[in-house]
Amino acid sequence: MANTILIGAQWGDEGKGKIIDVITTEHQWVVRFQGGNNAGHTVEIGEQRYVLHLLPSGILRPDCSCIIGNGVVIDPIALKKEIDEVEAQGITTRDRLFVSDRAHLILPYHPLIDASREGRAQHQEKIGTTKRGIGPAYADKASRTGLRMGDLLEPDFAASLAKRIRENNVLLEAQGAAPVAVDETVARLEELAQVLRPYIVDTVRLLNEADQRGESILFEGAQGVMLDIDYGTYPYVTSSNATAGGACTGAGIPPHRIERVIGVIKGYTTRVGEGPFPTELHDVAGDMLRKDGNEFGATTGRPRRCGWFDAVVARYAAMINGIDFWALTKMDVLDRQPVIRIAVAYEFEGRRFESVPASARVLAGCTPVYEDWPGWETDTTGATCLADLPGPARDYISRLETLTGVRAGIVSVGPRRDSTFVVDEVVRR
Ligand code: IMP
């Protein structure tokens, strides 16, 4: 099977974990390449529900090997906790989970700095982060003051960490936040280093050797295009490249080794945290989407903001990522809506926008230009192919395809592994 990148095409929470789990049967390797434990990928298998934050979703398939690549920022405490949790659910991680020695560490002062910044920010400046320390860890990476997974195993790790903690304590205290206990934290991290030691390897080499042997690799994106630090609604974004290009830098795979890009997109739109969201709903239709779609954050439990499908965002995502086909998720969540709207363009101060403007101020002022489509008001959760869907649902999908210039190759009509079908004429195997 082709080496594949799978990314979120909206503001994250598109249901990537479930789609990855379904297509993992076709891949021997699953690789995370950006983000950290800000992500929350939910997968339901039978009666069992798994929420993964750092571990690649492939960990749920016993014959699949998983890599946490160099582009990810790793909180070692969170990583250990997640390994323990999945192991307690009967999943083995030894000899099938590999963590890059080049991946940067999220250290205990990073979440504190993140929370302190968010706490001090005026309303307009708040990003609504997950407070997991993602931004400060990537900032240290770019400032060349970060520590990496490989450093955990270096003889001078304790001294380097103690130095960094003291430097960051100055910052924290200046902001009125509690400092990090130096000796206790160093001891805890040294202990963790020994537990995590067997997982830490040169994943770049491992991955490229697997590729040369002809084994097939799935690159699992976290968050989504509109949260990408370059292409998203800056500054209301995360601190990594959630777009397809991020897979090459975040895993160390050459671009020409990628054969396919899948964009995961919901039949409507959601966003968590602050920032512009043109199709956001503040009415009963939005409440219905939140309730029917169980739109509450997998990581923070926050209610997600809900709105109509935004074809401007989807077209933009298709352009930047070169999407071969959509995995269109949560179509069943629209089952109760009598009328379904699609934003086909925006208007701002008399100007029409067919693509996403760079300025968050302009995007926040944009009014969507809507098309109205009749709802189907029928239960679609049992559908196993396009023909099983009611006519208006098929028309809706076909309109999304026309507006975005990309076909739907996978359609999902419920949270379980088996409520997903592939449109064979679209998906080349
Ligand atoms: P951070 O990644 O914690 O710095 O948060 C930055 C922004 O990205 C905030 O608006 C978060 O709510 C959002 N965000 C981060 N991770 C996810 C995710 O996995 N799904 C949806 N939103 C996310």
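In this predicted model, Ile 340 counts as buried, with a relative accessibility of 0%. The residue has its place in strand β16, which covers residues 339-348. Once residues up to four places away in sequence are set aside, Ile 340 touches Trp 308, Leu 334, Glu 371, Asp 372, Trp 373, Gly 375, Trp 376 and Tyr 396. One of these partners, Tyr 396, is 56 residues away from Ile 340 in sequence, yet the two C-alpha atoms are 8.7 Å apart in space.

Two of the residues touched by Ile 340, namely Trp 376 and Tyr 396, also pair with each other through their rings. The structure holds 3 aromatic pairs. In the pair of Trp 376 and Tyr 396, the centres are 5.9 Å apart and the planes meet at 55°, a tilted arrangement. Trp 376 sits in the loop between β18 (367-374) and α12 (391-404), whereas Tyr 396 belongs to helix α12 itself, so the pair ties together parts that are 20 residues apart in sequence. Both partners are covered: Trp 376 is buried at a relative accessible area of 6%, and Tyr 396 is buried at 1%.

Another aromatic pair brings together Trp 29 and Phe 98. Their ring centres lie 6.0 Å apart with the planes at 35°, so this pair is tilted as well. Here the link runs between distant parts of the chain, from Trp 29 in strand β2 (residues 29-32) to Phe 98 in strand β7 (residues 97-100), a separation of 69 residues. Trp 29 and Phe 98 are both buried.

Helix α12 comes up again with Thr 404, which lies in this helix. Thr 404 counts as buried, because its relative accessibility is 9% and the limit is 20%. Apart from neighbours within four places in sequence, the contacts of Thr 404 are Phe 309, Ala 311, Ala 314, Arg 315, Ala 318 and Trp 326.

Thr 404 also takes part in enclosing empty space. The structure holds 2 cavities of 30 Å³ or more, and the largest has a volume of about 50 Å³. Its lining is made up of Ile 265, Phe 309, Trp 326, Leu 328, Ile 397, Leu 400, Glu 401, Thr 404 and Ala 408. Phe 309 and Trp 326 are thus found both in this lining and among the contacts of Thr 404. Strand β15 (325-329) and helix α12 each supply at least two lining residues, and α12 provides the largest share, with 4 residues. By class, the lining of the largest cavity divides into 7 nonpolar residues, 1 polar and 1 charged.

The second largest cavity holds about 30 Å³ of space. Around this cavity stand Ile 23, Glu 26, Arg 260, Ile 262, Phe 325, Ile 410, Val 422 and Val 427. This lining has 6 nonpolar and 2 charged residues, with no polar ones. One of the lining residues, Ile 23, is also among the buried residues of helix α1. Helix α1 (residues 16-23) is mostly covered, with 7 of its 8 residues buried. The buried set consists of Lys 16, Gly 17, Lys 18, Ile 19, Ile 20, Asp 21 and Ile 23.

On the scale of the whole chain, the domain assignment gives domain 1 (4-92 + 203-427) and domain 2 (104-199). The C-alpha centres of domain 1 and domain 2 are 29 Å apart. Across the boundary, 28 residues of domain 1 are in contact with 24 residues of domain 2.

Both domains also contribute to an open site, the second largest pocket, whose lining draws at least three residues from each of them. This pocket has a volume of about 250 Å³. Its lining numbers 15 residues, of which Gln 124, Tyr 236, Gly 275, Pro 276 and Ala 364 are the closest to the centre. Helix α11 (residues 360-365) gives the most to the lining, with 4 residues. Sorted by class, the lining of the second largest pocket holds 7 nonpolar, 3 polar and 5 charged residues.

Methods: Residues numbered from 1 in each chain as written. Predicted model: local features only at pLDDT ≥ 70, side-chain atom pairs only at ≥ 80, totals over all residues. Heavy atoms only, no water. Phe/Tyr/Trp six-rings, centres within 6.5 Å; stacked < 30°, edge-to-face > 60°. Buried < 20%, exposed > 50% of the residue type's maximum accessible area, 1.4 Å probe, protein only. Contact = heavy atoms within 4.5 Å. 1 Å grid on protein atoms, 1.4 Å probe; cavity = no way out; pocket = protein on both sides within 12 Å on 5 of 7 lines; lining within 4 Å. Points joined across faces, edges and corners; volume = space filled by probe spheres on them. Nonpolar A, V, L, I, M, F, W, Y, C, P; charged D, E, K, R; others polar. Domains from an automatic or database assignment.
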